[in-house]
Number of protein chains: 2
Amino acid sequence: MVLKVKPIARWDKNLDGGTNLSIDALTRLATALDADLQATNRAIVARMDSPVALIPQLAAHLVAAGGKRLRPLLTLASARLCGYEGARHVQLAACVEFIHTATLLHDDVVDESVLRRGLASANAVFGNKASVLVGDFLFARAFQLMVADGSLDVLRILSTAAATIAEGEVLQLTTQNDLGTTEQRYFDVIRGKTAALFAAACEVGGVIAGRPEQECAALAAYGQNLGMAFQLVDDALDYAADAAELGKTIGDDFREGKLTYPVLLAIAEGSGEETAFWTRTVGEGEQAEQDLGTALEFIARHDTINRTIARAQAFAESAIDSLKIFPPSAMRDTLQDVARTTTARRF
Amino acid sequence: MVLKVKPIARWDKNLDGGTNLSIDALTRLATALDADLQATNRAIVARMDSPVALIPQLAAHLVAAGGKRLRPLLTLASARLCGYEGARHVQLAACVEFIHTATLLHDDVVDESVLRRGLASANAVFGNKASVLVGDFLFARAFQLMVADGSLDVLRILSTAAATIAEGEVLQLTTQNDLGTTEQRYFDVIRGKTAALFAAACEVGGVIAGRPEQECAALAAYGQNLGMAFQLVDDALDYAADAAELGKTIGDDFREGKLTYPVLLAIAEGSGEETAFWTRTVGEGEQAEQDLGTALEFIARHDTINRTIARAQAFAESAIDSLKIFPPSAMRDTLQDVARTTTARRF
């Protein structure tokens, strides 16, 4: 059910005069890497194939349905930024997308989601069982691709990211409905579930280019900070976006009792009726239809959407800074613009 | 709910005079490898740790609860059979157990199981969400351990096995409730979901010992055939074992509409009332309480439990033959006894 709730923040207008720079920067990135991206898309389709027909069917529903391909683009861009001239980055970008897709499939099962990227989620169409098992297949297939690539460094980076993602997801599960969740705990969750793969996606680009450790670490730092910014914005959008634009139902995090940053801040500063409200709706998960509207009022009262975006902007600044050790180039500019404008996206 | 159904086959008595040789052979294997097995258990406990407390808690429920450690024992035994003297087999045996445990966690979610090894299953205690995510963690951790080991050959073997397992599981899902499932399709399912990991577990033992390809292939063939025999017996036991001994509810496969070998044979040869019965209960999944009893009658009428065990014995013979290229040794004898007696196990 999609509740009709008016967005309560339009911070993007303050940032870029109403244009959507974040999409522009991503579009510029995708355009600059068009041949690589198309090769990656071909690799994705080729490597998700299996004699078991349900696997490509289900994978296609999610993988081929599009999405921004943000994470594989980061691998492609990082490699090119480092002057990489070979073809390995294409297969590894496909790996990164497979790992991401596997986690999406499992996330949607865990969250009981019905929408993903504006379409019915895979679990809603094919069932939870198929989503769990095809997720496992894509994850294993990602490792097969890495083994074929042959770099133990790449395998180390991405297997560690995969373990960290799972830790972040489990931590998120244990903080669900827990009003005692601290800011620190929240940042641990998003560092694991989101930033770890952004960091790894960037780092492998430097590794296959044979760049020194300092540069690979700078790429990882860029990805890490970009991922933190990205997830903070995501968590703000769950209370602020137009559902039609976001491609998922608004208020999902609230209904699932997720202690995301906008809510954490509101809970910390609320008192009396607010505390009672959060305890009932998020702590005990007892919600009525009008509760999301009340939650949005309290969130607006404490201005926590804009404060969440401000935190995202600080991470974006760190991402931009991380790339300063690379000489100026069109690719560096574009990656910095992606970070600069990630807080301007509306969906 | 555990139905009170009398076991309809006691084939083990015909094979070994009522003793349980299969357990004896496994016990002998575990005894011969006692130091290695204890080191593996320590590695398992050490490496399933995480700052996210729910991970070791849930993993301990399954991993530390015991189980036969059959698959890691195969890795340890194969390495020793090949004269391996180092310590890598211990970490790789832990990897194999992690992959197995991850698939068990996801299986139990997919099958909605409430019992595993005679205890409440992890999903019943911790919920499906935690089981999905901790499974993902263990899977990723297995790859981290392999990367630390550093052999791309081992990584290739186990990542391929992991993809094949997932394919087998998805194939099983698509054949569920499908009365048109062929024998070939059934064997494809069990080759994927069970035999692939048995084969990989054995093969890596030869690989780390640096044995020639022919010997590694022989070990893989042993594991593959043992795994086929093992799963056929498992599928027979689902209709024939004492629930208390089996450690899971009897008739699970029937209730889940799984087209396992004992049922496939009965369906193929049934007519009239039998066809109508299988169509309703397995094809359409409409079951009443007395239906399991009727299923057991039809299965007995076509003697399909004993015929399933006969197929298992043929695979066990192939497993035994596979090891003949190795010079005689106590370890070879024990591994052959494990195959010889796998069809005698009652739980």
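**Exercise 1. Determine how α8(A) and α9(B) are oriented relative to each other.**

Solution. The two helices α8(A) and α9(B) are roughly antiparallel to each other, a class that takes angles over 145 degrees, whereas angles under 35 count as roughly parallel, 65 to 115 as roughly perpendicular and the rest as oblique. The structure is a predicted model, in which local features need pLDDT of at least 70 and side-chain atom pairs count only at pLDDT 80 or more, while totals for chains, interfaces and linings use all residues. Residues are numbered from 1 along each chain as its sequence is written, and chains are lettered from A and ligands numbered from 1 in the order in which they are written.

The angle comes from the axes of α8(A) and of helix α9 (residues 152–175) of chain B, which come within 8 Å and cross at roughly 160°; axes are lines fitted to C-alpha atoms, for helices over the stretch in contact, with angles from 0 to 180 degrees between N-to-C directions. Helices (H or I, at least four residues) and strands (E, at least two) are DSSP runs, numbered from the N terminus. The crossing in which α8(A) passes α9(B) is left-handed, a term for a near helix turned anticlockwise from the far one by less than a right angle, with right-handed used if clockwise.

**Exercise 2. Identify residues through which α8(A) meets α9(B), and sort the contact by class.**

Solution. From α8(A), the participants include A:L133, A:F137, A:A140, A:R141 and A:Q144, and these belong to a set that meets residues of α9(B), among them B:L155, B:S159, B:T160, B:A163 and B:E167. Two residues are in contact if their C-beta atoms, placed from the backbone, lie within 7 Å. The residues of this contact of α8(A) with α9(B) divide into 14 nonpolar, 3 polar and 6 charged, where Ala, Val, Leu, Ile, Met, Phe, Trp, Tyr, Cys and Pro count as nonpolar, Asp, Glu, Lys and Arg as charged, and the others, Gly among them, as polar.

One of the participants can be followed individually: A:Q144, found in helix α8 of chain A, is in contact with B:S159, B:T160 and B:A163 when its neighbours within four places in sequence are left aside. With 19 C-beta neighbours inside 10 Å, A:Q144 counts as partly exposed, given that a residue is buried if 20 or more other C-beta atoms lie within 10 Å of its own, exposed if 12 or fewer, and partly exposed in between, with C-beta atoms placed from the backbone. Within its own chain, the C-alpha atom of A:Q144 is separated by 8.9 Å from that of A:C95, 49 residues apart along the chain.

**Exercise 3. Describe the whole contact between chains A and B from the side of chain A.**

Solution. The contact takes 35 residues from chain A and 35 residues from chain B. On the side of chain A that touches chain B, the elements giving two or more residues are α4 (54–64), α6 (88–111), α8 (128–149) and α9 (152–175). The largest share, 14 residues, comes from α9(A), and by class this side has 22 nonpolar, 7 polar and 6 charged residues.

**Exercise 4. Contrast the surroundings of B:G135 and A:G86: which is buried and which is exposed?**

Solution. B:G135, placed in helix α8 (residues 128–149) of chain B, is buried, with 31 other C-beta atoms within 10 Å. Apart from neighbours within four places in sequence, B:G135 is in contact with B:A102, B:L105 and B:H106, and its C-alpha atom is separated by 8.6 Å from that of B:F98, 37 residues apart along the chain.

A:G86, by contrast, lies in the loop between α5 (70–81) and α6 of chain A and is exposed, with 9 other C-beta atoms within 10 Å. A:G86 and A:I208 are nevertheless 8.9 Å apart in space, C-alpha to C-alpha, with their positions 122 residues apart in sequence.

**Exercise 5. Analyse the packing of α15(A) against α16(A).**

Solution. The axes of helix α15 (residues 273–283) and helix α16 (residues 291–301) of chain A come within 11 Å and cross at roughly 135°, which makes α15(A) oblique to α16(A). The crossing is left-handed. A:E274, A:F277 and A:T281 in α15(A) meet A:D291, A:T294, A:A295 and A:F298 in α16(A), a contact with 3 nonpolar, 2 polar and 2 charged residues.
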